[in-house]
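I opened this model with a notebook beside me and wrote down what I looked up, entry by entry. Come along and check each spot as we go.

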Amino acid sequence: MFSALPAYAELHCLSNFTFLRGASHPEELVERAAALGYSALALTDECSVAGMVRAHIAAKARGLKLIVGTEAGLDDGTRLVLLATDRRAYGALCSLITVGRRRAKKGGYALSRSDVEPLAESGALALLVPGEQPEPGAARWLAGLFVARAWIAAELHCGANDRARLALLGELSAASGLPLVAAGDVHMHVRSRRRLQDTLTAIRLGRPVAQCGHALHPNAERSLRLRMRLAQLYPPDLLAETLAVVERCGFSLDELRYEYPEELVPAGQTPASWLRGLTLEGLGRRFPDRIPDRVRELVEHELALIAELRYEPFFLTVHDVVRFARERGILCQGRGSAANSAVCYALGITEVDPGRMSMLFERFISRERNEPPDIDVDFEHQRREEVIQYIYAKYGRERAALAATVICYRPRSAVRDVGKALGLSAGQIDRLSHSLTWWDDRSRLPERVREAGLDPASLVVQQLLEFASALVGFPRHLSQHVGGFVIARGPLAELVPVENAAMQDRTVIQWDKDDIEALGLIKVDVLALGMLSAIRRALEFVGMRMEDVPTEDPAVYEMIQRADTVGVFQIESRAQMSMLPRLKPRNFYDLVIEVAIVRPGPIQGGMVHPYLRRRQGLEPVTYPSEEVRQVLERTLGVPIFQEQVMQLAMVAAGFSPGEADQLRRSMAAWRRKGGLEHFEGRLLRGMLERGYTKEFAEALFRQILGFGEYGFPESHSASFALLVYVSAWLKHHYPAAFCAALLNSQPMGFYAPAQLVQDAQRHGVELRPADVAASAWNCTLEGGALRLGLRMVSGLSEAAAHRIEALRPFASVDDLARRAELDRRDLGRLAAAGALAALAGHRRQAHWLAAGVEHAPGMLRAMPARETPAAFSPPAEGEDIVADYASLGLTLGRHPLALLRERLNRLRLVTAERLRRLPHGRVARTAGLVTCRQRPDTASGVIFITLEDETGCANVVVWRKLAERQRRELLGARLLGVEGVIEREGEVVHLVARRLFAHDALLGSLAVSSRNFH
Amino acid sequence: MLWLALHFPLFALQALSRGRVPRESVDVPWAIADGREVLACDARARALGVRPGIGLTAAWALAPQLHVRLRDEAAERAALEGIAAWACRFTPHVSFEPPQGVLMEVEGSLRLYHGLAALTGLVRNGLEEMGYSATLAVAPTVRGAWWLALAGCEQSITDPARLEAALAALPVSAACLDQEARSFLRSIGVATLEDLLALPREGVGRRLGAALLESLERALGKIPEPRTMFVPPARFSARLELHGEVEHAEGVLFAARRLLVQLEGVLAARQAGVRRFHLVLLHRAAPAHVVEIGLASPGRSIERFMQLLREKLSTVALSRPVEAIRVEADAFEPLHGRTAGLFRDVHADREGWIRLIERLQARLGGDAVHGIGVAAEHRPERAWRALDVDERPPRGEIRTGPRPLWLIEPPRRLKDAGGVPHDDGRLELLAGPERIESGWWDGGEVARDYFIARAPSSALLWIFRERGGGWYLHGLFA
């Protein structure tokens, strides 16, 4: 019966990568086409191949033939479907898309007939999709251009008059000589997506679906239809013709071969010989006395592997970028699986010395895994742009572009867009979407819906939920990857289309990092990292290089164990700080673990506590087998790194390296897409067969689930740990330089300048105020003291600060204004910061004088008018502190709470310091400035608050019940009082709140910004 | 001169909310917002922590049930004009201070109203009846009175010698300074007008501009201040939103009183009365309903207005909830003596067809007469719509398949014999199917295959087969 049906291939099909038109994922279309027994499927997204790789992977898995194509609307109204026959035609297709996309602003495209001509020469096929009134001119043009390679698409959708339509197209065919072929103009894989497709149309048009009228499709015929149904609708020869088209399309994405840039290798050298030369030269620099045998062996081993996999050009590319950064004095560091190799150490891509990291090596490139090498290079965040411009300049915009990031609908955007499409008012939509706790906890939905003035049982609410859920995960637009560059030997546009990004002068390719990886293309990640800027500046202050920093300094570890880590890379967050006294890192590898363990993955997987107990000796370290011992020994039998999970799957459950790699990919995506279930059976079975207990197997699977997309690779952790150590070393030995470097690199890190400065003061650093008589733009060191720079003065331009620095000293405010060409605004900013003290005395006086300066900087001015002097009483201490915070974001005076302490004492509120010394279970009350409110993803409904007073910080935990009852205090208070119970675990103390009080009245107008919910 | 200044601190809110009947048990907190930020809020919202200046998201986090309206500046302007017109009943010298102030020169009215205290009492009561809360202040200069009111100082300064001391105590913000000037004064520690006046005069002028010096001197009465006076209009039209869609006459009466108090004031100011006024009841999705109230003789007493309105409304059944009301009155007559010709209808001649329509509407009811136009809809029964009689159908062609002129509503079920439709015999399918699947968003979803069929009588029928259901007749081709 099935085989008696006519064969059919769909040649015109849009996925949801034709944003707001297609209503099915590429994978869904492929699955459905295969299930219906289609002979092939052409994915023809509008001027895009962004969904093609996903379709390609799915089609390979199902054994369906996939044809690469695109739909293109020309400026004269002609609509075409273009199909790639071979690699050359594919290149021309990508070039055409690139031309159309580059010409328009982000998200659009513009093509005309002349653009299509090069495509015709490449051997591609074309289908004319006639409009309501077929245009014979277009058909004749196409027939002349694509000789014997063009068709007219006959698309019948059960309209008012299909028979007449077919007759009309028949005439067009006769007149132009183009044959007819059946096609479906498919927008969805199944009929039941019709409502969602209507909703997408409404979102696209920006009006409620009820007002979309004929812009909606009249029925669900634009789906992948049963072949039986097609047989009823189309004459058999039109269906048979689809196969004739398919016959001529032989191209598959598998044919794409990545070709590295050539110019990195000088004439007369091969990539292999050149890489070997550079590596050996680098080793000589690293080990001036004698290269250790082990390292030499390692390098040989790695070079052989690199040669076998022909990855030399990749390493040379990264080396070139890093070399450029070094020459410019831009600090950078590589990380990722390949970065921590001996070769990368020799090439200067990373500083992780094989001597320190003996246990880590050899795992970073694996022949069996056959994955492209992964190196991310972090650069100083304020100078990464120089590196990007270097890449563009070296390879040209035709050959280098950023990878895309597919931005998908998330619950909030889905609710907003669907709400609009269903005709909800802006107020109702705001109300529903401003807090989405109901999305995960549907029991709270009715309440929220009623607040928006809607009936939870109503049709519109049901539809909102249905469509918004379906829309989550749909791609919305392409954005640029944070820094992944794809660089090709020839024009990139012949490999993959290139389009404009939102940022000016940035271009992105139409594929994201998963697509690139799946096709074996290689990208170089050029990322920005604030800490590198800070470290470079601190090293400059103390006149050292990163490689000069002594390793394994016990005093540094002692400081880390005390959680005295404000400003230190990675381990400065509250969660990290509470872990340090328990974990007590003693050496570099402990830092590697510390970086990886305090993350959502290991926390959700339940690895943290077992590891801690074992480390503290409270639990024996056991291994179910020798193989597992080898994998887990360095982490005391608890899997902490992504690599360990993969190795376990191989040694304990018999996964092949390829399967383990699939497991890794699925781990990264399962939260979004699911799909880990079939690994569960494989894993459990494999482990039981090898004699492991069911409990052990299940525990491992749970850990894998918990890992999810948060799993952190050991290779990244190792590179980060180096920055942890270096920044901690600088903080310990050069606290003033370290603090100045952090301030000069803002914004970055976890703490605001106020907290960094207070921490430095607690470590005995003398802080000096910003002052036009002494400060530069940046913070500087004056002997051992830290002088705040004029960069801290809110609103002051860098150019003005440089003029001040160059033209010092000044006789008066007026002299300053005239010679440094400052206007009243600049002077007002300096006065507000207290930076005019040397010239004007106290702040009120400074403001008065600053405001008295005439406008018009740089012009000839009369001598300042002799003014009647005004007398001001000096400001109170509190007023100065408020002004400090308002302008500088910090004060060098007393902490505001020190001024209030007497009143706080009367309210029986204790200091943070006192709180830290109270025993477990004691009821206590404290108050402080709210410096941070956090709702971690991992803690359901719990809110963490950090309160700051003149003695330090107090950590408060607010459970959801209380948070809801005292919303007003929780969200509104800047000076928050808390009554609660002390919860103590060793050095770590939390106050679990029972009641909250807003004490803002005490603060007056003190302006302290708080970092709110992210 | 003696000026009475009225400042309405909650004006943005009350201009929109004063039509609401206060009901303690069910009232929700209210706020007015401008885009993303709260501009004003009522006491309930305030009690929950909502403040002017905070973002809407934050406001909803604090008060999830908060009712938020967008600011309506046109409504505020109209409301302020209404107050000014009403205030003209007390004095001919009324001046505007947008966006939320009205100033009245009352020296000449003191005797008529038995003194300042009595007069301010009347003003306050009247404002309350109209649904406004105001700060009232009196001073010998218009600017002085306004600054006092703006600062929330409910003082009556009648003695010019006391004016400077009273103003000196005010915060500098009362002097209507811009944000920059205020923050400058704060930065030099100047909090009150007294502090400001103590600074060297030329130094202040240099930093804050001569306009401020002039403004201070006007407030203190050292130089005169000319003002433009408000002229009350010769007709009355005021609108009030009810919120919560009132369904009973009392709710309408409550709100109507607020407008009629205003009408009374305007009439008093013009020494006029009216013989009739209109109360227009506005509904959400239906034509407005106009109630005409006639007076046997010209009048302007609020009590008389209310009595007549109460009687009239008791005979009118509110068929639909009322969303807003409007009170309209023109043809003001001097309360004593009237002129002929007021009732002459100068626009008596109208086009014949309009009269025909009016007569048809009078006979058949207003809703029964309408035009017809096409609507962009796939569902045939919704592909047309009723037009207002004077509305032109939109131009432009809408392409659909063949459609019969006559639709049968609702579609009539046909007999089905072995999958073949029958209507007085077997129907022959000539064309189709045209498949229509649409309309899920309003609960009227259809899934049909349409055919053109020939009946045994040779009539051409438009029939459809419902998905998974039977055959129906939906139209006749003429």
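**Entry 1: a small sheet in chain A.** Before I start, one working rule: two strands count as paired if DSSP finds at least two bridges between them. I should also note that this is a predicted model. With that settled, I looked up A:L781 and found that its bridge partner is A:L786, in β17(A). The strands β16(A) and β17 (785-787) of chain A are antiparallel and share 3 bridges. I then asked myself in what order the strands of this open sheet run. I read the order as β15-β17-β16 in chain A, 3 strands with mixed pairing. Why is one side of β15 (767-768) and of β16 (780-782) left without a neighbour in the sheet? Both strands of chain A stand at the edges with a single partner strand each, so one side of each has no neighbour there. A reminder to myself: strands of a sheet pair through backbone hydrogen bonds, in either a parallel or an antiparallel way.

**Entry 2: A:H25.** I went next to A:H25, which sits in the loop between β1 (9-10) and α1 (26-35) of chain A. Buried or exposed, I wondered about A:H25? The cut-off for buried is 20 or more C-beta neighbours within 10 Å. A:H25 has 21 inside 10 Å, so A:H25 counts as buried. Leaving out residues up to four places away in sequence, I find that A:H25 touches A:S15 and A:N16. I also took a distance from A:H25 to A:A721, which is 696 residues further along the chain: their C-alpha atoms are 40 Å apart.

**Entry 3: helix α2 of chain A.** I listed the buried residues of α2 (52-62) of chain A and got A:M52, A:V53, A:R54, A:A55, A:H56, A:A58 and A:A59. I then checked what these residues pack against, and the partners in chain A are α1, β2 (40-43), β3 (65-73), β13 (507-512) and α20 (513-518). After α2(A) comes A:G63, with a positive phi near 70°.

**Entry 4: a helix pair.** How do α3 (87-103) and α4 (113-122) of chain A cross? Their axes come within 8 Å and cross at roughly 175°. Angles over 145 degrees count as roughly antiparallel, so that is what I call α3(A) and α4(A). On the α3(A) side I noted contact residues including A:R88, A:A92, A:L96 and A:V99, and on the α4(A) side A:D115, A:V116 and A:L119 are among them. By class, this contact has 8 nonpolar, 3 polar and 2 charged residues.

**Entry 5: nonpolar cores.** I looked up the largest nonpolar core and found 370 residues, with A:L41, A:L128, B:A31 and B:A145 having the most contacts inside it. Helix α32 (714-733) of chain A gives the largest share of this core, 11 residues. There is a second, separate core of 25 residues, and A:V930, A:A954, A:L976 and A:L991 are among its members. I went back to B:A31 for its contacts beyond four places in sequence, which include B:V38, B:C41, B:V50, B:L66 and B:V68.

**Entry 6: chain B and its partner.** Chain B has 14 helices and 21 strands, and buried residues make up 36% of its 478 residues. Where chain B meets chain A, I find 39 residues of chain B in contact with 40 of chain A. In chain B, the elements that give two or more residues to this side are α3 (56-62), α8 (179-187), α10 (201-208) and β18 (428-438). That side of chain B has 19 nonpolar, 11 polar and 9 charged residues.

**Entry 7: backbone oddities.** Most residues other than glycine have a negative phi, and most peptide bonds are trans, so I hunted for exceptions. B:P98 and B:P99 are joined by a cis peptide bond with omega about 5°, and B:P99 lies in the loop between β5 (94-97) and β6 (101-105) of chain B. B:E409 and B:P410 are joined by a cis bond too, with omega about -10°; B:P410 lies in strand β15 (406-413) of chain B. For positive phi, I noted A:R310, near 55°, in the loop between α11 (293-309) and α12 (312-327) of chain A. With 11 C-beta neighbours inside 10 Å, A:R310 counts as exposed. B:H114 has a positive phi of about 60°.

Technical notes. Residues are numbered from 1 along each chain as its sequence is written. Chains are lettered from A and ligands numbered from 1 in the order in which they are written. This is a predicted model: local features need pLDDT of at least 70, side-chain atom pairs count only at pLDDT 80 or more; totals for chains, interfaces and linings use all residues. Two residues are in contact if their C-beta atoms, placed from the backbone, lie within 7 Å. Helices (H or I, at least four residues) and strands (E, at least two) are DSSP runs, numbered from the N terminus. Ala, Val, Leu, Ile, Met, Phe, Trp, Tyr, Cys and Pro count as nonpolar, Asp, Glu, Lys and Arg as charged, and the others, Gly among them, as polar. A residue is buried if 20 or more other C-beta atoms lie within 10 Å of its own, exposed if 12 or fewer, and partly exposed in between; C-beta atoms are placed from the backbone. A nonpolar core is a set of buried Ala, Val, Leu, Ile, Met, Phe, Trp, Tyr and Cys residues joined through C-beta atoms within 7 Å. Axes are lines fitted to C-alpha atoms, for helices over the stretch in contact, and angles run from 0 to 180 degrees between N-to-C directions. Angles under 35 degrees count as roughly parallel, over 145 as roughly antiparallel, 65 to 115 as roughly perpendicular and the rest as oblique.
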